[in-house]
Amino acid sequence: MFRASKVNRRPDRLSTYFLSNSAVLAGIALSGILYNVGLTAGPFFEGQLAQCLIAVMAKEKTVGDMVNLAGLYLAVILLVQASRCLKRFWVRRLANNTARSMRRVLYRNLVYQNPAVLGLDEAGSLMTKAIGDVDACAEGIRKFTTEIFDTGVVMIAYLGMLWYYDARLTLLACLFTPLAYLLAQRLKRPITRSSAAYKNSVSRLNGMALDRVTNALTYRVFGCEAQRDEAYTSQLAQVEKNAVVSSAWENAMQPLYNVIAMTGVLFVLIRGAQNVLGQGWAVWDIAAFTTYLACFSRLALKSSHAAKLFNAVQKARVSWQRIQPQLQPVSVPEAQLDTFTAPASLSVEKLSFAYPHQPPLFSNVSFRAQAGEIIGITGPLACGKSTFGRLFLGEQDYTGRIFINGLDLAEQNNAQLSQLVAYAGHDPQLLSDTIAENITLGEAFDCQPWLTAVALSEEVNALPRGIQTFIGAQGSRLSGGQQARLALARTLARSRPLIILDDPFSAVDPATEAEILQQLRVLAQDRIVFLISHRLTHFPDFDQILWLSQEKVQVSSHEMMLKTNSAYAQLFEKQQRKEVKNDESH
Amino acid sequence: MNPTELKLHLHRSVVTVLRQHWLLVLMLAGVILAGTAVALVPPLVLERVINQLTTGQAVLFSLAFAYFIFLALAGILESLQTVLITLIGQKITRQVRQDLCAKIQLLPASYFTQQQAGKTVSLFVNDVEALSALFDNGVLSMAADALKMIGIGAMIFTRSLGLGFLLLAITPLLFALTRHFQKRMLKAQQTHRSAIAQVNNAVPETLRCLRMIRTFNKQNYMEDRYDKHLQTSYQSLEKANFYDSVYSPIIVFSSSAVIAVMMVLASLSGNMQQLFGMSVGSAVAVIAYVGKIFTPLENIGMEIENIQSAVASIERIESFFQQPERILPTQQLDLSAALTQPVLSLSHVTFGYQPEEPVLKDLSFCINSGETVTLIGRTGAGKSTIFRLILGLYAPQQGTVEIAGQPADQLSDSQKRRLFGYVEQTLHPADGTVGDQISLFDAAITDQQIIEAAELVGLAGVIEKLPQGYATPWNPALFSQGQIQLLAIARAIAANPRILLLDEITANLDSGTEALVMEALQKASANRTVLSISHRLYQQNKTGRLITIG
């Protein structure tokens, strides 16, 4: 489809967006040249009409001649305006295509981001970029393309017309035009600077609006709403100031260019009149005089608009420069693995991990696991057990080796990894869609068994729309426990050789937890399950226990662990005692 | 003050601005009038030039100079007009954004759970932007253009009565045509904007779900989802563009047709001469005027389109302003009264987010000052809902929720932080520094209090080691999951509240961090009333009372 188009090869180059629209560009070029060259027809025919009126009054021509001339005039204008119509539409299509392509590339960049690398603070600025800069960039391309024809081509056409009527007068009258360009060149920097300052303050403002709305209830509960409103208000003042300064720079200069370029009209009126009276450099009639004056006025206006062309390019460049680093080509891994049906096997060899510039979180973790095993993973504070689980997702580099079904994990691409490992973290990460869609994620299969597996099916079926119920943004229409179980169902539905569950039952009550674990035993008969938790209630039932800490890494059965690992034993007994007490107190 | 007086309306915002800056508006009116008058002069000069030329006279320098000067002056006035319009337009959008922001505070909590945040943010970003265009390139410019048309029309009448009537006759036709295009445009624009809102909403959602997308290799699926919205917006914009492209050429062609007809009629003799006859100079001047009269009409067409495209935005902004409001609670509680007994009481409370589906039914309990109470119950029993009632985010449908004898939903927001320390399930990071995460930009919380809160939860050391300490810009990568949870506790206790409300606090913590949290909470619980919904916390602590919900 579109997404597989050429744009993906070099999305960070502006030319890519033009090249991928070559047919539209050809249409724009053809209709644009026809329209802009045709624009000279207006002044020419209007001059001829005035001349014809003189002739009719002098009885040299008849009304019939006038009717013929007027008819020809209208036919030409019709052709010119039809070209204009096509040009306008195609230029807008070019911009629309570009905006769509850029949004796709931006989104593709976003969707292939590594969650371990991407800081969430970029959320606001990324969103503003996606909204503001894509539109500004597309608008820039539209204006730029428009101005190339409506300023560039049309100026050449007018200049040619003037040259034809009186070359010397044209040289004299257009003497002032370069001055306007020089001035525009000099004023480049303050215009760019004020425009950039304005854009930045708007971006900040939009970031603040996002923060204010998404955290509205937090601010309310903490009684900080009024203060946040004040901060937003003061940023508004900043934006207003910058907008006016930027607009003043852009607009105040326009009449200045115009006045300079129009100075030549003095020569046109005086020398032109001499031409008509037979005293000048060329022999003119009234038609020539009015045509020349009209063409010159339009040329002068256009040349002062040359600054507009420049402004359009400037604006587009500012947006482009901001957006360009985001528009990187994304290499999508092509190699895939088949879905596994064979019983799983796992071997971890001397696995170590450290965050950059920090001591290792854990070192030399080695163990093997067979199909059907559940491995409980625990350890003291900040031992990195969540990080351990995420190492199997290929988000971060590690030392040592991991083999699943004999395949070295480090050699697998993201698509292959997803066939080896299924994961559920403590953040449910649900989509604003239906319950069914959140489980299937676009695939075709029956959700019910998975809802049953996570003890959610009764609750869901009780809803009026069942599995077709919309769960709201971030699953907000479900309770925390329901969200967690839905996320778990989604993971279990993608049963892979290794299933990693990081603290999946924190928002689930103990009875439901036991029920789900029982189901898990059956479902994962030929799989391997990691259960990362700090609660050891069900650890006695697990096949192996992995104890992770900076000082000590140990893998053994629960019983051995109790005997040989005092920290584990302590933790377990402490929790055990409480549970017993808890039961008594009920 | 009577709350109805404060009612926010879009037109009210606009009128306020115009009233406040009447001098600016007056100036703009002056500039527009002067600009219109000055722009009428050059064709008149041209008329004299041509008439002199047809009689064989030379053109005087003074005449040529007058032509140039009036052209220059017209240009300068036009620019001044643009800057003034931007200025007024900016003042209006600023006021609207300010009023939109003020509305957030007045919205009931249910609004935020029902509406996607992206859509609301889009009001502040896209819709106000469209509103800005409505003033800059819409209403104000349109007034100027209408005036220009009237001026030119009057001039044409003085030159040729017949042509004047001809223009009067075709203007309604062109207006009807314009209306036709507007209606089509509007429909396309509305579809486009709502599709764009969907497109924009996908970005924050995707950011939140990145790990899920990656582990299930669902990038393609997500791109398809995104593309569906993108395609809708693309199609509707194409449609709008079509009308946009066709409209203006039709107007220009009409202007040429008027010139052609006029010239033919002017060359007729007999009765027609009375109506349409004119000198060649006048003919040239009138051609110049006709060329000009359709430029503002064309502009008005575009401006109407700008206004049309903003109509959808106006409707959305207006309906946001119309959202039912909560009554801003004003009740001030004497903080020493927080020691009265019972400090917290629920009496026969029945509540549901939808009244017909109650979550809590006839629930009653009391908590005394200094007590530690844990609410237990199956997931979905409504424990978090009780917190929301206590925090005054919702009012019960039946029964009462009272804090020291005052209804919870009537306590003023500003006081809440001194009364309640709410530890949320997960920290909602604010757009600011690390220190701001604790203070939440609350000016009443001193740097010292921020540091004390950080020290109490045992994060002070970690934060001080950051490159800019408390002033380091927030980034979740700076902290572990557990430390982020500790930060949420620091936020809750920073203002030294009387009552601690602990949501499922141990949710994302390992046992070690939990121990650290316990330590922090034990310090924090001293001399405070603690209400927790974490049964694990209770298991760990074994102090206080248990209340079973559901």
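Colleague: What makes A:Ile439, A:Trp450, A:Leu451, A:Ala453, A:Val454 and A:Leu456 residues that A:Ala489 touches?

Modeller: Two residues are in contact if their C-beta atoms, placed from the backbone, lie within 7 Å. A:Ala489 touches those six names, A:Ile439, A:Trp450, A:Leu451, A:Ala453, A:Val454 and A:Leu456, with residues up to four places away in sequence left out. This is a predicted model, where local features need pLDDT of at least 70 and side-chain atom pairs count only at pLDDT 80 or more, while totals for chains, interfaces and linings use all residues. Residues are numbered from 1 along each chain as its sequence is written, with chains lettered from A and ligands numbered from 1 in the order in which they are written.

Colleague: Which residues touch the most other members of the largest nonpolar core?

Modeller: A:Ala489 and B:Ala490 do, in a core of 317 residues. Such a core is a set of buried Ala, Val, Leu, Ile, Met, Phe, Trp, Tyr and Cys residues joined through C-beta atoms within 7 Å. Buried means 20 or more other C-beta atoms within 10 Å of a residue's own, exposed means 12 or fewer, and partly exposed is in between. Helix H4 (residues 63-111) of chain A gives the largest share, 20 residues.

Colleague: Why are S6 and S10 of chain A called edge strands?

Modeller: Strand S6 (421-424) and strand S10 (553-556) each pair on one side only, so they are the edges. Pairing takes at least two bridges found by DSSP. The open sheet has 6 strands in the order S6-S7-S8-S3-S9-S10 (chain A), with mixed pairing. Strands are DSSP runs of E, at least two residues, and helices are runs of H or I, at least four, numbered from the N terminus.

Colleague: How do you know that S3 and S8 of chain A pair?

Modeller: Strand S3 (residues 374-378) and strand S8 (residues 528-532) of chain A share 4 bridges, in the parallel sense, and at least two are needed, so they count as paired. A:Ile374 stands opposite A:Val529 in S8(A).

Colleague: What is the class make-up of the contact of H11(A) with H3(B)?

Modeller: That contact has 9 nonpolar, no polar and no charged residues. Nonpolar covers Ala, Val, Leu, Ile, Met, Phe, Trp, Tyr, Cys and Pro; charged is Asp, Glu, Lys and Arg; the others, Gly among them, are polar. The contact includes A:Leu269 and B:Phe65.

Colleague: How much of chain B counts as buried?

Modeller: 50% of its 550 residues.
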